[in-house]
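Notebook open. I want to look up two residues and one domain interface. The entries follow in the order I checked them.

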Amino acid sequence: MWKVGDLVARKSYGKDICFHIVELDKNGQSAVLKGIEVRLLADAPCSDLEKLSDKELQDYIAGYTREEDDVLRLIRSRRVIEEEKRLMRSDIKFRDNHDFFEKPGRVLHLDGDGSYLEKCLMFYEELRIPAIGHHVPEARMSEVLPHFLEQYHPDILVLTGHDGLLRKGQDLSNVFNYRNTENFIKAVKAARKYERSFDDLIIFAGACQSHYESLLDAGANFASSPHRILIHALDPVFIAEKIAYTPINQTINIFDVVKSTITGTDGLGGVESRGKYRIGLPRSPY
């Protein structure tokens, strides 16, 4: 009845999330599911699954597309206001000629999910953020990070993919009860061995339901998930955007960072950090 790739929802959760089936057991009794727009891997008995009708799928896609568009609209309007403020603070010649260039922070994004990474890279380009992305399983991130950090020298590091509690009712304070939190912690610690300064390398780490406190303790500037809720696939991009476009002489407003996401403060948070945006002049005619 079921096959890999089917779009389904879980009846016991009120069909709140749309998933792809990514794996079935040999007997076809249970499935591994991946959210199409939330960073969640989940196990479920096939008896709890229900295929989505075309109408349900269309409504679901329209809902999260609307959320993404709302955030993009907010970011664009904020950029316009911030640019006007920068011009007003500059001298007359600079303001009249607009003869300047921008250098937003550079992002290195490691993602445990290739399809999410592809979508994130599209949005980095849309938001004019220089970004390099690599699809790396969460368990290998700490191993490959020293090489990538040496190669790219990013301003912002994003470590994300899939996470989640392995079983309901388990101790939320125990990182071993999470699918990938321990791997994210190891990756953050590897990055902090390379760069200890919280302002020279700003790190976002985590995915759905990740152990937020442990990721911050390991050295992340921003992380998920304070209330152990699901986060949107693009939330790490929106966090990185705010960091990349906050001037280097300003502290990032933590509330504004989280407000720039789809999930909000229940799913994301962090500590005070400096921005990574610079302006320069003049612009070369060549």
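**Entry 1: Ile17**

I began with Ile17 in this predicted model. Is Ile17 buried or exposed? Its relative accessibility is 6%, so I log Ile17 as buried, the cut-off being under 20%.

I then placed Ile17 along the chain. Ile17 sits in the loop that links strand 1 (7–10) to strand 2 (19–24).

Next I listed what Ile17 touches, skipping neighbours within four places in sequence. The contacts are Val8, Ala9, Arg10, Val38, Leu40, Tyr60 and Leu230.

I also took one long-range distance. Ile17 and Lys242 are 225 residues apart along the chain, and 27 Å separates their C-alpha atoms.

**Entry 2: the two domains**

I looked up the domain split. Domain 1 covers 6–53, and domain 2 covers 100–280. I read 26 Å between their centres, taken over C-alpha atoms.

How many residues of each domain are in contact with the other? I find twelve in domain 1 and 20 in domain 2. The buried area between the two domains is about 1,200 Å². Carbon and sulfur atoms give 49% of that area.

**Entry 3: polar links across the interface**

I turned to the charged and polar pairs. Three salt bridges are found across the interface of domain 1 and domain 2. I also checked the side chains of Lys34 and Asp113, which form a salt bridge at 3.0 Å, N to O. Eleven residue pairs are in polar contact across the domain interface.

Which strands supply at least two residues each to the side of domain 1 that touches domain 2? I noted strand 3 (30–35) and strand 4 (41–45). Strand 4 gives the largest share, three residues. By type, I logged seven nonpolar, one polar and four charged residues on this side of domain 1.

**Entry 4: Arg228**

My last stop was Arg228. Where does Arg228 lie? I found Arg228 in the loop between strand 11 (222–223) and helix 7 (235–244).

The relative accessible area of Arg228 is 10%; with the cut-off at under 20%, I therefore count Arg228 as buried.

I checked for a polar partner. The side chains of Arg228 and Tyr178 are joined by a polar contact of 2.7 Å.

Tyr178 is also one of the residues that Arg228 touches. Leaving out residues up to four places away in sequence, I list the others as Leu172, Gln209, Ser210, His211, Tyr212, Glu213 and Asp266.

Terms used
Residues numbered from 1 in each chain as written. Predicted model: local features only at pLDDT ≥ 70, side-chain atom pairs only at ≥ 80, totals over all residues. Heavy atoms only, no water. Domains from an automatic or database assignment. Contact = heavy atoms within 4.5 Å. Buried area = accessible area lost by both parts, 1.4 Å probe. Salt bridge = Lys/Arg side-chain N within 4 Å of Asp/Glu carboxyl O. Polar contact = N/O pair within 3.5 Å; in protein donor to acceptor, adjacent residues only side chain to side chain. Helix = DSSP H or I, 4+ residues; strand = E, 2+ residues; numbered from the N terminus. Nonpolar A, V, L, I, M, F, W, Y, C, P; charged D, E, K, R; others polar. Buried < 20%, exposed > 50% of the residue type's maximum accessible area, 1.4 Å probe, protein only.
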